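Here is a short, friendly tour to read alongside the model. Take a moment to turn it around before going on.

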Amino acid sequence: MARGISKAARVYARTFLEFAAARNETAQVREELEALREAFAKVPAFGRALNLPGLSGEKRALLLKPVADKASEPVKRLLKLLEVKGRLALLPEIVESWLRLEEAARKIRRAQVTSAVPMTPEQLESLAKGLAARAPGSTYLLQNEVDASLIAGFRVEEEGLVTDTSLRHQLEEAHRRLVMA
């Protein structure tokens with residue numbers, strides 16, 4: 001999710017992660033929440049419907065009933081808590097935040113790699129190993145996007161930090177230095 005995650009969603013996510021860990025059910029909850037995140041991504045109207053101001057809490061709960069019926073006990077408890085507190089609209093954000101926190105606990109880091117041409121799996125693996133060398137103990141999951149305007153090279157974005165080795169960036173830097181000279 002590109003948009004920001006609210007403080008309330010982060011608090012629910014952190015508390016729910018602690019709850020799942022205490023019950024030794026983190027792996028099962030992760031699978032369920034990944035499936036839920038996928039559902040929100042595939043059917044954006046699902047997440048938007050939870051945020052409709054005119055939709056009552058009961059109707060929001062009805063939207064999630066098929067999910068709740070198949071869910072594990074911890075996820076059912078989360079859904080019930082959100083229903084009681086009138087916070088079901090936060091579910092997409094809570095899911096995203098929980099998954100990020102859980103990955104961080106396992107020292108998994110995500111980065112976006114933009115390249116002029118699609119990178120091969122071997123190139124992505126090599127880049128992930130190079131990034132992991134800068135953060136010992138971490139494992140990198142890279143997502144590759146293509147932007148032909150980079151001309152050559154790549155750009156890595158991770159948590160607001162950008163490393164740009166593209167030819168376009170180098171040409172822009174050379175132009176900037178020439179203009180300033």
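## Two phenylalanines in one helix

Phenylalanine 19 is partly exposed, with a relative accessibility of 27%; here buried means under 20% relative accessible area, exposed over 50%, and partly exposed in between, with a 1.4 Å probe and protein chains only. Phenylalanine 16, by contrast, is buried, at 5% relative accessible area. The two sit three residues apart in helix α1, so about one helical turn separates them. Helices (H or I, at least four residues) and strands (E, at least two) are DSSP runs, numbered from the N terminus.

Before we go further, a word on the model: it is a predicted one, in which local features need pLDDT of at least 70 and side-chain atom pairs count only at pLDDT 80 or more, while totals for chains, interfaces and linings use all residues. Residues are numbered from 1 along each chain as its sequence is written, and side-chain values use heavy atoms, with hydrogens and water left out.

## Aromatic pairs

How many aromatic pairs does the structure hold? There are three. Rings of Phe, Tyr and Trp (its six-membered ring) pair if their centres lie within 6.5 Å; planes under 30 degrees apart count as stacked, over 60 as edge-to-face and the rest as tilted. A pair of aromatic rings is described by the distance of the centres and the angle of the planes.

One of the pairs joins phenylalanine 16 and phenylalanine 19, which are stacked at 6.3 Å centre to centre with 20 degrees between the planes. Ring pairs also bring in a tryptophan, linking Phe16, Phe19 and Trp98 into a cluster. Phenylalanine 40 and phenylalanine 46 form another pair, with centres 4.9 Å apart and planes at 20 degrees, so this pair is stacked as well. Phenylalanine 40 is buried at 7% relative accessible area, and phenylalanine 46 is buried too, at 16%.

## The overall layout

Stepping back, the protein chain has eight helices and four strands. From the N terminus on, the order is α-α-α-α-α-α-β-α-β-β-β-α. The radius of gyration is 20 Å, well over the 16 Å that the globule rule gives for 181 residues, so the chain is more spread out than a compact globule. That radius is taken over C-alpha atoms, and the globule rule is 2.2 Å times the number of residues to the power 0.38. Along its principal axes, the C-alpha trace spans about 65 × 40 × 30 Å.

Of the 181 residues, 36% count as buried. Contact means heavy atoms within 4.5 Å, and among contacts with a separation of 6 or more, 68% come from residues 24 or more positions apart. For one example of distant parts of the chain meeting in space, look at glutamate 34 and valine 95: they are 61 residues apart along the chain, with C-alpha atoms separated by 7.9 Å. Glutamate 34 belongs to helix α2 (residues 26-42) and is partly exposed, at 32% relative accessible area.

## The largest pocket

Which residues lie nearest the centre of the largest pocket? They are Glu96, Arg100, Glu103, Arg110 and Glu159, out of 27 that line it. The elements giving two or more residues to this lining are α1 (7-22), α6 (91-105), β1 (108-115), β2 (139-146) and β3 (154-158). Helix α6 gives the largest share, six residues. By type, the lining divides into ten nonpolar, five polar and twelve charged residues; Ala, Val, Leu, Ile, Met, Phe, Trp, Tyr, Cys and Pro count as nonpolar, Asp, Glu, Lys and Arg as charged, and the others, Gly among them, as polar.

The largest pocket holds about 840 Å³ of space. On a 1 Å grid over the protein atoms alone, a pocket is an open set of points where a 1.4 Å probe fits, with protein on both sides within 12 Å along at least five of seven lines, and lining residues have an atom within 4 Å of a point. Grid points are joined across faces, edges and corners, and the volume is the space filled by probe spheres set on the points.

## Three loop residues

Glutamate 159, met above at the pocket, lies in the loop between β3 and β4 (161-164). Glutamate 159 is exposed, at 70% relative accessible area, and has a positive phi of about 45 degrees although it is not a glycine. Most residues other than glycine have a negative phi. Asparagine 24 also has a positive phi, near 60 degrees; its place is the loop between α1 and α2, where asparagine 24 is exposed at 71%.

Serine 138 is in the loop between α7 (121-134) and β2, and is buried at 15% relative accessible area. Leaving aside residues up to four places away in sequence, serine 138 touches Lys107, Arg109 and Ala132.
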